[in-house]
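Student: Could you take me through a close look at one part of this model, the sheet together with what packs on it and what ties it together? I would like one connected account rather than a list.

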Amino acid sequence: MRRRFAVASFSLAVVLGCGTLPAAAAGPADAGRSTTTTADALAAPDVDVTKVRAHLSELSAIAARNGGNRRSTTQGYRDSVAYVKGKLQAAGYTVTEQPCTSGCTSGAGPNLIAEWPKGDANNVYMFGAHLDGVSAGPGMNDNGSGSAALLENALTLAQQNPTMRNRVRFAWWTDEEQGLNGSEFYVRSLSSTQRAGIRAYYNFDMVASTNGGYFINRITTSAAAPLKAYWDSLGLRPEENTEGAGRSDDYPFQQAGIPTSGYAMGAGARKTSAQATKWGGTAGSAYDPCYHRSCDTLTNINTTGLDRAADGIAHTLWQQAVA
């Protein structure tokens, strides 16, 4: 997630650690397979968190081979794109690299867009995460966590191959850390008809913070309802993601009038005493003590939170798009 700074207006014309929250904060399910209290949620598959962590391990190895980071302008980012793209193509996705030809940092790599070629193409549900990191470190929580959870959800959908009611499109964004540039370019590139066809965009940025909370973007909206229902079913009592408002790739979609939501577990803001009582962890400390630092490595991953986010994504995808 980028640090807060003003976002320029734009025209609409055109993975591995063992950190967890304390056991007292755990909901009724967490040992590998999450369960819920609703029949609808049980229709969605369990997303194997060990496979999500395996994707994180690959992203970590990519960073290690490329100067220790995956910044959008580096070979580390381009190799990250190649890894995700290869997995998606092998699973049967229609995959496009979208060069960011305006508004991005010079030399930034492409957005990666993957569409599951089934369901009503006039009713699209998008799920996105930024794939780039900062130059300070490998960016495992920010945002390897969201990228890896999204990738394994895409692969799970392909493996399950259910009958689709609506279309699902996944995106891994470039140059988020430099100002939401990749997602802004994508939204600018859409026609008015294409924008209208996107029924909701869901964003996942930092979903494995070691001292994290359970936050949902625009939590009271109808778009957020399936995300909230899943975490409610685990007894997590999620809160609005106030820290992340306007700071990640949902913002350009929101500005374009597209319904948005998403999961986050927090960045540099500090956990309150009430939140520590509810979720466990350390009051007065940052949700992610390694935010934008060199220590954002595989040891900076809250596996419990990562599992809960990955399964909540699957629940939402199934609710919104599967017949």
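**The sheet and its salt bridges**

Tutor: The structure, which is a predicted model, holds six salt bridges, and several of these help to give a picture of the sheet. One of them joins E97 to K85, with the closest N and O atoms 3.0 Å apart. This pair links distant parts of the chain, since E97 sits in strand β1 and K85 in helix α3, twelve residues apart. Neither end is described as buried: E97 counts as partly exposed at 36% relative accessibility, and K85 is likewise partly exposed, with a relative accessible area of 22%, a value that lies above the 20% under which a residue would be called buried.

A second group of salt bridges centres on E115. The side chains of E115 and R167 meet in a salt bridge with an N to O distance of 2.8 Å; because E115 lies in strand β2 and R167 in strand β4, the pair ties together parts that are 52 residues apart in sequence. Both E115 and R167 are buried. The side chain of E115 also meets that of R169, here at 2.6 Å from N to O, and since R169 too belongs to strand β4, while E115 is in β2, this pair ties together parts that are 54 residues apart in sequence. R169 is buried, as is E115. Through shared partners, the salt bridges join E115, R167 and R169 into one network.

To place these strands, consider the sheet as a whole. It is an open sheet of eight strands in the order β1-β2-β4-β3-β5-β8-β6-β7, and its pairing is mixed. The edges are formed by β1 (94–98) and β7 (239–240), each of which has a single partner strand, so one side of each is left without a neighbour in the sheet. At the β7 edge, strand β6 (residues 215–216) is joined to β7 by two bridges, and these two strands run parallel. There, F215 stands opposite E239 in β7.

Two helices can then be set against the strands. Helix α3 (residues 75–91), which carries K85, lies across β1, β2 (111–116) and β4 (166–173), and runs at about 10° to β2. Helix α10 (residues 303–321) lies across β3 (120–130), β4, β5 (198–204) and β8 (260–264), and its direction makes an angle of about 145° with β4. Strand β4, which holds R167 and R169, is thus among the strands crossed by α3 and also among those crossed by α10.

The chain that follows β4 brings in one further helix. In the loop between β4 and α5 is L180, a buried residue with a relative accessible area of 0%. L180 and H130 are 50 residues apart in sequence, yet their C-alpha atoms are 8.8 Å apart in space. Helix α5 (residues 181–189) is itself mostly covered, with eight of its nine residues buried. Among these buried residues are N181, E184, F185, Y186 and R188. The elements that cover the buried residues of α5 include the strands β1, β2, β3 and β4, together with α6 (192–197) and α8 (250–255).

Methods:
Residues numbered from 1 in each chain as written. Predicted model: local features only at pLDDT ≥ 70, side-chain atom pairs only at ≥ 80, totals over all residues. Heavy atoms only, no water. Pairing = 2+ DSSP bridges. Helix = DSSP H or I, 4+ residues; strand = E, 2+ residues; numbered from the N terminus. Contact = heavy atoms within 4.5 Å. Axes fitted to C-alpha atoms, helices over the stretch in contact; angles between N-to-C directions. Salt bridge = Lys/Arg side-chain N within 4 Å of Asp/Glu carboxyl O. Buried < 20%, exposed > 50% of the residue type's maximum accessible area, 1.4 Å probe, protein only.
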